[in-house]
Amino acid sequence: MNADQETMTPVLNRLRRAQGQLAGVIAMIEAGRDCKDVVTQLAAVSRALDRAGFKIIASGMRDCMNATDGEQPPLSEAELEKLFLTLA
């Protein structure tokens, strides 16, 4: 992966947060917590993972876009991420 540190730092932070949330979900299940609470937290983990994946894909798309013939200005990473999210 050819992503720069500026792009990967928020991705790694998001993944670490998701890792902590997932550990919380496991603890909730082990403690016999209410199904609604568990599912709510599991959905939060899923969203965090999706967002990290979208950011990684967006940065890869940016790299691809920057390699075009130069007729149009390349899209910003935020524009690419927004575009990709519309497909999800």
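Let's start with Q41, which is partly exposed at a relative accessible area of 31%. This residue sits in helix 2 of a model that is predicted. If you skip its neighbours within four places in sequence, Q41 is in contact with V25 and M28. Another residue to look for here is G24: Q41 and G24 are 17 residues apart along the chain, and their C-alpha atoms are separated by 8.1 Å.

Now zoom out for a moment. The protein chain has 3 helices and 0 strands, so reading along the sequence gives you the pattern α-α-α. Helix 1 covers residues 5–30 and helix 2 covers 35–66, while helix 3 takes in residues 77–87.

What does the largest nonpolar core consist of? It has 6 residues, namely A18, V25, M28, V38, V45 and A48. Helix 1 and helix 2 each supply at least two residues of this core. That fits a broader habit: in soluble globular proteins, nonpolar side chains tend to be buried together. Across the whole chain, 22% of the 88 residues count as buried.

M28 is a handy core member to follow. Leaving out its neighbours within four places in sequence, M28 is in contact with R33, D37, V38 and Q41. You have already met Q41, and V38 belongs to the core as well. The other two, R33 and D37, form a salt bridge with each other, and their closest N and O atoms are 3.5 Å apart. The count of salt bridges comes to 1.

How much of each of these side chains is open to the outside? Here are some partly exposed residues to compare with what you see in the structure.

| Residue | Relative accessible area | Class |
|---|---|---|
| R14 | 28% | partly exposed |
| R33 | 45% | partly exposed |
| D37 | 31% | partly exposed |
| L49 | 44% | partly exposed |

R14 is in helix 1. Setting aside neighbours within four places in sequence, R14 is in contact with A48, R51 and A52. One of these, A48, is part of the largest nonpolar core. R14 and V45 are 31 residues apart in sequence, yet 9.7 Å apart in space, C-alpha to C-alpha.

L49 has a place in helix 2. Together with L12 and L15, L49 forms a nonpolar patch on the surface, and the three share about 230 Å² of accessible area. Why can L49 belong to a surface patch? Patch residues need over 30% relative accessible area, and L49 qualifies because its value is 44%.

For the chain as a whole, the accessible surface comes to about 6200 Å², and 57% of that belongs to carbon and sulfur atoms. Contacts that reach far along the sequence show up too: among contacts with a separation of 6 or more, 52% are between residues 24 or more positions apart.

Finally, how far can you trust the picture? The mean pLDDT of the chain is 82, and 81% of its residues reach 70 or more. Among the elements, helix 1 has the highest mean pLDDT, at 92, and helix 3 has the lowest, at 74. Keep in mind that where pLDDT is low, the predicted coordinates should not be read in detail.

Conventions: Residues are numbered from 1 along each chain as its sequence is written. This is a predicted model: local features need pLDDT of at least 70, side-chain atom pairs count only at pLDDT 80 or more; totals for chains, interfaces and linings use all residues. Side-chain values use heavy atoms; hydrogens and water are left out. Helices (H or I, at least four residues) and strands (E, at least two) are DSSP runs, numbered from the N terminus. Buried means under 20% relative accessible area, exposed over 50%, partly exposed in between (1.4 Å probe, protein chains only). Contact means heavy atoms within 4.5 Å. Accessible areas come from the Shrake-Rupley method with a 1.4 Å probe; for residues, only the protein chains shown count as cover. A nonpolar core is a set of buried Ala, Val, Leu, Ile, Met, Phe, Trp, Tyr and Cys residues joined through side-chain atoms within 4.5 Å. Patches are made of residues with over 30% relative accessible area and no salt bridge: like charges are joined within 9 Å, nonpolar side chains (Val, Leu, Ile, Met, Phe, Trp, Tyr) within 5 Å. A salt bridge is a side-chain nitrogen of Lys or Arg within 4 Å of a carboxyl oxygen of Asp or Glu. pLDDT is the predictor's confidence in each residue, from 0 to 100.
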